[in-house]
Amino acid sequence: MTDHGHIPVLVDEVLEALAPRPGDVVVDCTLGRGGHALALGQAVGRDGLVIGIDRDRQNLAHASDRLQTAGIPFVGIHDSFARVAHHIEDSGRPANIVLADLGVSSNQLDDPDRGFGFHDEAPLDMRLDQDVPGDVSSLLADISESELAELIRTYGEDPMAGAIARKVALERQTRPITTTGQLSQLVRDAYGPRARSSRLHPATRTFMALRIALNDEIAALETLLDRIGRACEMTGSEGWLSPGARVGLISFHSLEDRPVKQAFAELDRRGLADRLTRGAVRPTEAEMQANPRSRSAKFRAIRRTAAGN
Ligand SMILES: C[S@@+](CC[C@H](N)C(=O)[O-])C[C@H]1O[C@@H](n2cnc3c(N)ncnc32)[C@H](O)[C@@H]1O
């Protein structure tokens, strides 16, 4: 772990594929603690610009300090990257480079007050944007048992989804589910003796599923991919993506990687973009050893064709 609370993944691979040049405008859709933005910002230099977006005010503030201290021209935006096109069109400076490193940062996962981790006893929150009302505790109070089972099955791919939803439904008849420890124990109970043979902590998939659902993470990604696609369809220098712009996405599970792969393949097929990566780029063994959380990362990148449509 670095002082910044998060180790950026695949930094060399991102720099190689996205090839930042002095003067480029970089849009980091998931600024996080600023690791990727700093590396890209150093390459684009003082004539360039880094625009960083994040839903998490704490991460945005931390990364903004970090970039400003490094003397990198920087603008921070507190919003979802689903609205990236709107923000960049407003700025009047189309992007040469766009990066999205999906999911959550290590400091978010490790902060017991945020409620992302199942190892701590903490309020069951999991909001990426703490200005928005509605945490996981209230989601669990309101959702029907069958919808909860579906949610855990879809976003967590957990074969025990039905049994977990049943435990939750029974528990909330007597008391509300308000803490990470309480939910973690319910999942363990649903697994029963199977918990011992499970490679992952039994609550891993349920927590991930609830986080993805609460924060509407797949819908945000689909909107981002749609906006990238539409920008590639525009003529010449219209829109928020410069002709020749490089776009990279780092995903951490198949629900994210699948739509990215399909969207990039479709743009390539239509002659609107070229693929800059062959298949998905994975971390090296050395990176995975140094940073086990990089293990599931997959990076794909494209370049908008220079002439536009
Ligand atoms: C994996 S971290 C990014 C780490 C970053 N690349 C770094 O080097 O520090 C993901 C970040 O994206 C943010 N995030 C997730 N979904 C988002 C969305 N839809 N819009 C904006 N930010 C989002 C999270 O709050 C988190 O800070």
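Here are three short exercises on the strands and nonpolar cores of this structure, each with a worked solution.

The model is predicted, so local features need pLDDT of at least 70 and side-chain atom pairs pLDDT 80 or more, while totals for chains, interfaces and linings use all residues. Residues count from 1 along each chain as its sequence is written, and side-chain values use heavy atoms, with hydrogens and water left out.

**Exercise 1.** Work out which way the residues of β2 point, and whether they are buried or exposed.

*Solution.* Start with one side: L49, I51 and I53 point one way from β2. Next, V50, G52 and D54 point the other way. All of them are buried (under 20% relative accessible area, 1.4 Å probe, protein chains only; exposed is over 50%, partly exposed in between). With six of its six residues buried, β2 is therefore largely enclosed by the rest of the structure.

**Exercise 2.** Find the strand that pairs with β2 over four bridges.

*Solution.* Strands here are DSSP E runs of at least two residues, and helices H or I runs of at least four, numbered from the N terminus; pairing takes at least two DSSP bridges. The partner is β1, in the parallel sense. To check the register, match V25 with its bridge partner L49.

**Exercise 3.** Name the element that gives the most to the largest nonpolar core.

*Solution.* Such a core is a set of buried Ala, Val, Leu, Ile, Met, Phe, Trp, Tyr and Cys residues joined through side-chain atoms within 4.5 Å. This one has 34 residues, and V27, I228, W240, L241 and L249 touch the most other members. The top contributor is α12, with seven residues.
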